[in-house]
Amino acid sequence: TAASPRLFATLTHGADLLLGDLEAARGDGLRPRVAEAVAGHFRGRVPSLSDVAADLAMGERTLQRGLKAEGTSFQRVVGDVRLALARHHLDRPHATIQEVAFLLGYAEPSAFHRAFKRWTGRTPQAYRSGS
């Protein structure tokens, strides 16, 4: 599916809002910096460890070790950012669930559906309807 200008604007707006939230909540440690970098790269694809490490001017192994020392992992941070973006986009009724799945880097809406249910215990539709 080719990205439309409307879809790109939605993605950019969501990422900008999340970056603002992350900057406001930024604390000490590596995790908030990694989350901020991940959110900045989330443009319809899952950012790689190498993308984020380069942004933070550190090696991939150093980044992994630093996150492990804080009790987390790169994949967990990516998942947390994905969930925050999913909630943001699902709170906007103009974005379809298929568009949200694409924005978050899922090839199929069914994979997004399963991930969202694993994260929240609810389907994207149930979350959106408030059930």
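Rings of Phe, Tyr and Trp, the last taken by its six-membered ring, form a pair if their centres lie within 6.5 Å. In this predicted model, ring pairs of that kind join Y106, F112, F116, W119 and Y127 into a cluster. The structure holds four aromatic pairs. In one of them, the ring centres of Y106 and F112 are 5.7 Å apart and the planes make an angle of 50 degrees, so this pair is tilted. Y106 and F112 are both buried. Another pair is made by F112 and F116, with centres 5.8 Å apart and planes at 50 degrees, so this pair is tilted as well. Both F112 and F116 are buried. The two belong to helix α7, residues 109-120, and because they are four residues apart there, about one helical turn separates them.

The cluster also has a charged neighbour. R82 lies over the face of the Y106 ring, 3.8 Å from the ring centre. R82 is itself one of the buried residues of helix α5.

Helix α5 is the next element to follow. The helix has 17 residues, and 24 Å separates its first C-alpha from its last, close to the 24 Å expected at 1.5 Å a residue. How many of the 17 residues of α5 are buried? The number is 12, so α5 is largely enclosed by the rest of the structure. Among the buried residues of α5 are F74, V77, V78, V81, L83 and L85, and also G79, H88 and H89.

Not every residue of this helix is hidden. Q75, also found in α5, is exposed, because its relative accessible area is 58%, over the 50% that marks an exposed residue. The C-alpha of Q75 is 9.9 Å from that of Q64, and the two residues are 11 apart in sequence. D80 counts as partly exposed, at 37% relative accessibility.

D80 leads to the salt bridges, of which the structure holds two. In one, the side chains of D80 and R31 meet, with 2.3 Å from N to O. This pair links distant parts of the chain, since D80 is in helix α5 (residues 74-90) and R31 is in helix α2 (residues 30-41), 49 residues apart. R31 is partly exposed, with a relative accessible area of 27%. In the other salt bridge, D51 is joined to R45, and the closest N and O atoms are 2.8 Å apart. R45 is partly exposed too, its relative accessible area being 41%.

Helix α2, which holds R31, has 12 residues. These should span 16 Å at 1.5 Å a residue, and the end C-alpha atoms are 17 Å apart, which agrees. Its buried residues are L30, P32, V34, A35, E36, A37, V38 and A39. In the loop between α1 (5-25) and α2 is G29, a partly exposed residue with a relative accessible area of 35%. G29 and E70 are 41 residues apart along the chain, while their C-alpha atoms are separated by 7.8 Å.

The helices can now be taken together through their nonpolar residues. In soluble globular proteins, nonpolar side chains tend to be buried together. Here the largest nonpolar core has 31 residues, and those touching the most other members are V34, V38, V52, L63, F74, V81 and F112. At least two residues of this core come from each of α2, α3 (49-55), α4 (60-69), α5, α6 (97-103) and α7. Which helix gives the most to this core? Helix α5 does, with eight residues.

V38 shows how such contacts run. Not counting residues up to four places away in sequence, V38 touches P47, V52, F74, V77, V78 and V81. Of these contacts, F74, V77, V78 and V81 are buried residues in α5.

The last stop is the loop between α7 and α8 (124-129), where T123 has its place. Is T123 buried or exposed? T123 is buried, because its relative accessible area is 19% and the limit for a buried residue is under 20%. Leaving aside neighbours within four places in sequence, T123 is in contact with H113, F116 and K117. One of these, F116, belongs to the aromatic cluster described at the start.

Note on methods:
Residues are numbered from 1 along each chain as its sequence is written. This is a predicted model: local features need pLDDT of at least 70, side-chain atom pairs count only at pLDDT 80 or more; totals for chains, interfaces and linings use all residues. Side-chain values use heavy atoms; hydrogens and water are left out. A salt bridge is a side-chain nitrogen of Lys or Arg within 4 Å of a carboxyl oxygen of Asp or Glu. Buried means under 20% relative accessible area, exposed over 50%, partly exposed in between (1.4 Å probe, protein chains only). The expected span of a helix is 1.5 Å times one less than its number of residues. Rings of Phe, Tyr and Trp (its six-membered ring) pair if their centres lie within 6.5 Å; planes under 30 degrees apart count as stacked, over 60 as edge-to-face and the rest as tilted. A charge sits over a ring if NZ of Lys or CZ of Arg is within 6 Å of the ring centre and within 35 degrees of the ring normal. A nonpolar core is a set of buried Ala, Val, Leu, Ile, Met, Phe, Trp, Tyr and Cys residues joined through side-chain atoms within 4.5 Å. Contact means heavy atoms within 4.5 Å.
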